[in-house]
Amino acid sequence: MLKVERWSPEGQNLPFATFRFSSAATDGETIMNEANLLESLGQVSAAETGQVFRDFLRGHVREMICEVMAAEVTQLCGPKHAPSPSDHYRAGSSPGRVLHEGEREDVVRPRVRQKSSDGFSHEVDLATYRVAKDPGLLQAQIVQAIVSGVSARGVKEIKPNSPGVKKTNVSRLWQEAGSKFIEQLRGKDLSTITWCALMLDGIRLSKDQTAVVALGIDSEGRKHVLDFALGSSENLEASRELMSRIVNRGFHCDHRLYVVLDGSDALRSAVAEFFADAVIQRCLVHKERNIKGKLSKRHWGELSRLFTRLRSVQGIKAAEEVFDELKKFLKPINAEAYRSLHEAGDDLLALHRLNVPSTLHRSLLSTNAIENSFLNTRRKLGRVTRFRAETDQASRWLSYALLEAEKGFRKISGHASTGLLIAALARRGPEPE
């Protein structure tokens, strides 16, 4: 029977009291049924009922851990009434601590010693006790708290009964976990995948740091975050470093590489340095946005209509007709807008020139695939108020955020036609004389 009594500190006439629970029952279902009955009668609250159940579980976990340790001692030393002739023997017990759901629990741990050939003995580290106090789960909870926006100082407030939650310990743990994120991202073997396309774009982390990110698309239409390089902007040095790293990790293809860029000259130069015959497509979304910024609002509707047509038509002939219409529309109304369109030139029609199915246009005529991953990345990075350039803080956070974004990746639209794209990208032999 579950016994509930109101209790307050002895000698103090307080206007409130706490509840104290006790039960002779050891069955969890019986205890909860009795607690629920008291709750329904208004004698205890739901929170207090939940506390009864949690205390019951903790007690049983401690009991289970003690039983497992006792079983290991019996295996090493034999039963108490018939000790084995092995060199292990019981050596009493001592207070110990284990971890349950990241919180410290006190237990009594048995001790075992082993005789040595020199006549001395040493204590044996019980495997069950070592596993029971393993901080792996607690460390995972701390890392999850950090990436969820809890400060290193605030972890102690949400895990007050856990060891190793001081600010310095938490910071050190996050540095170790962040380094593993970097290794995970940059440790992928890229040589085993048949690559179809590459997208490069930059994400601004702070006024002093920009990351250039590479996203690869394989022959089956799957997207992969390849790597990133940090710099003050999307400059040639950062772009070249990024391209060099992914190429050294095995990024290559037997056909011409299809690349989508936002118009950065530094990115284009870096790609051409490693893939001289790459087919480079300028992002139509970026170009439309750039031209729209130069026009009066009354012209936006017609501009959007023409760019929508350009994204939907298939083949170079139809694309050139729409492109000519764009030129005729822009030339008489805005010289800067016309110059911007003319500056992009043939790169705006690179995919149309390959004459692949228009089902691929939605994914491969813009850098939206990598821009969408940046949306999720910024949600994670938004919790960081300052990136310290003198440490690898930005690399740790960016690696974590990009890996999280990659978990939600799907195949690109029109992925069934990627084989036709690869065929169109095949290198042509020299023309016969």
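Author: A strand here is a DSSP run of at least two E residues, and a helix is an H or I run of at least four, with numbering that starts at the N terminus. Keep in mind that this is a predicted model. The protein has 17 helices and 10 strands.

Reader: Where is Gln209 found, then?

Author: Gln209 sits in the loop that links strand E6 (195-204) to strand E7 (210-218).

Reader: Is Gln209 buried or exposed, and how do you know?

Author: Gln209 has a relative accessible area of 8%. Buried means under 20%, so Gln209 counts as buried. Leaving aside residues up to four places away in sequence, Gln209 touches Arg204, Leu230, Gly231, Phe387, Ala389 and Ala394.

Reader: And what is Arg309 called, buried, exposed or partly exposed?

Author: Arg309 has 28% relative accessibility. The cut-offs are under 20% for buried and over 50% for exposed, so Arg309 falls in between and is partly exposed. Arg309 belongs to helix H10 (residues 300-312), and its contacts beyond four places in sequence are Val322 and Glu325. Across the protein's 433 residues, 42% count as buried.

Reader: Back to those strands. What makes E8 and E10 edge strands?

Author: The open sheet has 5 strands in the order E8-E7-E6-E9-E10, with mixed pairing. Strand E8 (223-231) and strand E10 (279-282) each pair on one side only, and that makes them the edges. From one strand to the next, the twist averages 20°.

Reader: How do you know that E9 and E10 pair?

Author: Pairing takes at least two bridges, and 4 bridges join strand E9 (residues 258-261) to E10, so the two pair. E9 and E10 run parallel, and Leu261 stands opposite Arg282 in E10. Helix H15 (residues 368-381) packs on the sheet, where it touches E6, E7 and E8, and its direction makes about 45° with that of E6.

Reader: What makes H7 the length you would expect of a helix?

Author: Helix H7 (residues 236-248) has 13 residues, which should span 18 Å at 1.5 Å a residue. The end C-alpha atoms of H7 are 18 Å apart, so the two values agree.

Reader: Why are the buried residues of H7 said to be on the same side?

Author: The buried residues are Ala238, Ser239, Leu242, Met243 and Ile246. They cover an arc of only 130° around the axis, so they share one side of H7. Residues three or four places apart in an α-helix point the same way, because there are 3.6 residues a turn. On the other side of H7, Glu237 and Asn248 are exposed. Cover for the buried residues of H7 includes E6, E7, E8 and helix H8 (265-274).

Reader: Which residues touch the most other members of the largest nonpolar core?

Author: Tyr258, Leu354, Leu364 and Leu421 do, in a core of 61 residues. Helix H16 (residues 393-406) gives the largest share of this core, 7 residues. Beyond four places in sequence, Leu364 touches several residues, including Met199, Tyr258, Val260 and Leu421.

Reader: What else lies apart from that core?

Author: Another core lies apart from it, with 23 residues, among them Leu198, Cys253, Val259 and Ile280. In soluble globular proteins, nonpolar side chains tend to be buried together.

Conventions:
Residues numbered from 1 in each chain as written. Predicted model: local features only at pLDDT ≥ 70, side-chain atom pairs only at ≥ 80, totals over all residues. Heavy atoms only, no water. Buried < 20%, exposed > 50% of the residue type's maximum accessible area, 1.4 Å probe, protein only. Contact = heavy atoms within 4.5 Å. Axes fitted to C-alpha atoms, helices over the stretch in contact; angles between N-to-C directions. Core = buried A, V, L, I, M, F, W, Y, C linked by side-chain atoms within 4.5 Å. Expected span 1.5 Å × (residues − 1). Arc of directions from axis to C-beta.
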